[in-house]
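This briefing introduces the helix packing of one protein model to a reader who has not met it before. Please view the sequence and the structure together before reading on.

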Amino acid sequence: MNKAEMNQKLDILKDNKIITDLAYDITNETFDLMSEKYKKTDLSESDMFWTHMCMALTRIQCEESIEGPLEMIMVEIRQTPYKNEIEEIIKFVNNRFPQGIPKEEQDYFYLHLHQVLDKNQ
């Protein structure tokens with residue numbers, strides 16, 4: 001997915017007040033970070049991550065919470081060779097998001113980002 005494609009989806013969500021302006025902005029900034037880091041304008045198989053990310057940030061702003069993925073899945077996914085890169089991205093988002101990202105949402109970021117990084121190395 002390239003940035004224009006992502007923004008088409010995000011614009012629909014924002015225009016329908018499904019996501020907040022802050023979630024929109026941080027998602028765009030994160031796309032730029034990853035695009036520059038991996039020197040790609042099209043981040044393969046990243047669609048689900050961008051959708052999850054902006055929805056998660058909006059959920060957090062609305063003080064809604066979700067259950068995280070099963071622990072047995074997280075034990076396996078934490079073995080990812082991309083752990084440092086994923087934590088760097090989560091830190092980037094956390095630094096821009098005043099509420100901070102709860103562990104449950106960070107775990108979903110891990111799941112999605114493992115897939116994205118695996119396809120874009």
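**Helix packing around α5 and α6**

Helix α5 passes α6 in a right-handed crossing; a crossing is right-handed if the near helix is turned clockwise from the far one by less than a right angle, and left-handed if anticlockwise. The model is predicted, so local features need pLDDT of at least 70 and side-chain atom pairs count only at pLDDT 80 or more, while totals for chains, interfaces and linings use all residues. Residues are numbered from 1 along each chain as its sequence is written, and side-chain values use heavy atoms, with hydrogens and water left out.

**Helix α5**

- Helix α5 covers residues 83-96, which makes 14 residues; helices are DSSP runs (H or I, at least four residues), numbered from the N terminus.
- From its first C-alpha to its last, α5 reaches 20 Å, close to the 20 Å expected at 1.5 Å a residue, where the expected span is 1.5 Å times one less than the number of residues.
- The buried residues of α5 (buried means under 20% relative accessible area with a 1.4 Å probe, protein chains only) are E85, I86, I89, I90, F92 and V93.
- Seen down the axis of α5, these buried residues fall within an arc of 150 degrees, so they line one face of the helix; the arc is that of the directions from the helix axis to the C-beta atoms.
- Turned away from this buried side is a face with the exposed residues N84, K91 and N95, exposed meaning over 50% relative accessible area.
- The cover over the buried residues of α5 includes α2 (21-37), α3 (47-61) and α6 (103-119).

**α5 against α6**

- The two helices α5 and α6 pack at an angle of about 125 degrees, with their axes 10 Å apart; axes are lines fitted to C-alpha atoms over the stretch in contact, and angles run from 0 to 180 degrees between N-to-C directions.
- That angle makes α5 oblique to α6, since oblique covers angles that are not under 35, over 145 or 65 to 115 degrees.
- Among the α5 residues that meet α6 are I86, I89, I90 and V93, and the α6 side includes F109, Y110 and L113.

**α3 and L57**

- Helices α3 and α6 pack at an angle of about 165 degrees, with their axes 10 Å apart.
- This makes α3 roughly antiparallel to α6, and α3 passes α6 in a left-handed crossing.
- L57 lies in helix α3 and is buried, with a relative accessible area of 0%.
- Leaving aside neighbours within four places in sequence, L57 is in contact (heavy atoms within 4.5 Å) with A23, I26, T27, V93, F97 and I101.
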